[in-house]
Amino acid sequence: MTSKPSRRKETVKCVTCGRDFETTVWIRHDGTELPPDTLCQECQQEKRRREEIERCKKELEEVRELQRDRWYEEYGVSGMFIEKTFDNFKHELQPKAFNAVKGFKDHSLVLLSPGAYGVGKTHLVCALANHLVATEETAGFRPGSYAIIRHRCPVHFTTEQKLLARIRQTYNRRDIDDGETEEDVYNALAKFPLLIIDDVGKVRPRDYSFLQGVYFRIIDDRYVNEDKIILTTNLDFRELEEHIGGASADRLREMCGKNGFIKMTGKSYRHGQG
Ligand SMILES: Nc1ncnc2c1ncn2[C@@H]1O[C@H](COP(=O)(O)OP(=O)(O)OP(=O)(O)O)[C@@H](O)[C@H]1O
Ligand SMILES: [Mg+2]
Ligand SMILES: [Zn+2]
């Protein structure tokens with residue numbers, strides 16, 4: 001027997017809004033009844049809408065965590081510098097650099113310590129990268145909707161040496177379809193709102209035209225897109241200009257403004273502290 005169960009209409013009070021509404025009571029073959037709806041149609045819709053929003057919020061939380069993990073994989077800080085923070089930096093030793101890096105916002109920065117090593121340049125820039133990657137919002141809802149948008153990793157830290165090696169690597173590839181091209185490297189770097197290049201000029205390059213071409217491409221991309229860059233170097237400004245090239249240095253001057261070049265002096269923290 002497959003005859004349909006019978007039903008009857010009944011007026012009930014909505015448990016949420018208290019309004020009377022008409023609903024269908026379904027009657028089984030054995031005569032017992034299924035419980036009627038307790039919510040009117042509007043309240044049911046509202047409940048479904050809320051559940052959907054809750055689901056979206058939960059999904060956003062999951063995406064945010066995954067995105068944070070991704071950021072940690074791509075932001076470039078490694079080894080002991082993962083532990084460097086503004087809190088574990090003795091700011092009284094380098095108050096100007098500390099304030100400039102901690103307050104980093106509107107303009108690019110160059111930390112110069114000509115001839116001075118171990119004064120905390122790498123510590124400070126890694127503290128900033130660690131802070132940004134831990135605190136910036138990784139994903140959110142598109143305004144006016146519940147569509148999730150993932151935000152870009154806010155910062156990428158590298159050294160001049162690593163950067164040049166990464167680009168040279170693209171010339172050595174045998175298989176054209178495999179691995180990143182030089183253009184891929186520039187495009188990948190351009191996606192980060194802040195790029196930090198540590199140890200500019202630490203190693204004397206064999207090929208200045210290659211090095212200056214790389215700097216020009218990177219700095220000009222950031223100049224045009226109004227993205228920020230932070231460089232650290234043991235060179236003075238004149239030497240830096242010779243190293244990266246005049247065209248890059250000229251753009252950098254504008255990007256940093258008059259307060260963006262921070263000179264750091266002092267003894268190396270590596271020996272003899274405490
Ligand atoms: N003011 C400071 N407070 C706490 N630790 C510091 C401070 N300055 C430097 N250090 C520590 O001393 C070590 C050397 O500092 P860091 O590597 O940042 O110097 P640097 O200026 O980058 O040196 P180099 O020019 O050789 O690259 C690091 O372990 C760093 O955490
Ligand atoms: Mg350093
Ligand atoms: Zn209702």
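**Salt bridges, aromatic pairs and backbone features of the predicted model**

The side chains of E52 and R55 meet in a salt bridge, with 2.8 Å from N to O. The structure described here is a predicted model. Because E52 and R55 are 3 residues apart in helix α1, about one helical turn separates them. E52 has a relative accessibility of 40% and therefore counts as partly exposed, since this class lies between the limits of 20% and 50%. R55, at 44% relative accessibility, is likewise classed as partly exposed.

A second salt bridge of helix α1 joins R49 to E46, and here the closest N and O atoms are 3.3 Å apart. Both R49 and E46 belong to helix α1, where a spacing of 3 residues places them about one turn of the helix apart. R49 is partly exposed, with a relative accessible area of 47%. E46 also counts as partly exposed, its relative accessibility being 27%.

In helix α6, which covers residues 208-225, D221 and R217 are 4 residues apart, again about one turn of the helix. Their side chains meet in a salt bridge, at 3.2 Å from N to O. R217 has a relative accessibility of 25% and so counts as partly exposed. Side chains of opposite charge can pair when their charged atoms come close. A network of salt bridges links R8, E10 and E33. Over the whole structure, the search finds 19 salt bridges.

Charged residues also form a surface patch. E62, E65, D69, E73 and E74 make up a negative surface patch. One of these residues, E73, is found in helix α1, which comprises residues 41-74. E73 has a relative accessible area of 68% and is therefore exposed, the limit for this class being over 50%. Helix α1 thus holds E73 of the negative patch as well as the salt bridge pair of R49 and E46.

Aromatic contacts were examined next. The count comes to 6 aromatic pairs. One of them is formed by F141 and Y146, whose ring centres are 5.1 Å apart; because the ring planes stand at 75 degrees, the pair is edge-to-face. An angle over 60 degrees is what this class requires. F141 counts as partly exposed at 25% relative accessibility, and Y146 counts as partly exposed at 42%.

F237 and F261 form an aromatic pair that is edge-to-face, with 5.1 Å centre to centre and 85 degrees between the planes. This pair links distant parts of the chain: F237 is in helix α7 (residues 237-244) and F261 is in strand β9 (residues 261-263), 24 residues apart. F237 has a relative accessibility of 24%, so this residue counts as partly exposed. Elsewhere, F86, F89 and F98 form one aromatic cluster.

Backbone geometry was considered for two residues. Most residues other than glycine have a negative phi. D199, which is not a glycine, has a positive phi of about 60 degrees. D199 lies in strand β7. E226 is a further residue other than glycine with a positive phi, in this case near 55 degrees. The place of E226 is in the loop between α6 and β8, the latter covering residues 228-233. E226 is exposed, with a relative accessible area of 65%. D199 is thus placed in a strand, whereas E226 is placed in a loop.

A lysine in another loop completes the description. K191 lies in the loop between α5 (182-190) and β7 (194-200). K191 has a relative accessible area of 46% and is therefore partly exposed. K191 and K162 are 29 residues apart along the chain, and their C-alpha atoms are separated by 18 Å. Strand β7, which borders the loop of K191, is the strand in which D199 lies.

Definitions and conventions:
Residues numbered from 1 in each chain as written. Chains lettered and ligands numbered in written order. Predicted model: local features only at pLDDT ≥ 70, side-chain atom pairs only at ≥ 80, totals over all residues. Heavy atoms only, no water. Patch = residues over 30% accessible without salt bridge, like charges linked within 9 Å, V, L, I, M, F, W, Y side chains within 5 Å. Areas by Shrake-Rupley, 256 points an atom, 1.4 Å probe, with all protein chains shown as cover. Salt bridge = Lys/Arg side-chain N within 4 Å of Asp/Glu carboxyl O. Lys, Arg positive; Asp, Glu negative; His and termini not counted. Charge placed at Lys NZ, Arg CZ, Asp CG, Glu CD. Helix = DSSP H or I, 4+ residues; strand = E, 2+ residues; numbered from the N terminus. Buried < 20%, exposed > 50% of the residue type's maximum accessible area, 1.4 Å probe, protein only. Phe/Tyr/Trp six-rings, centres within 6.5 Å; stacked < 30°, edge-to-face > 60°.
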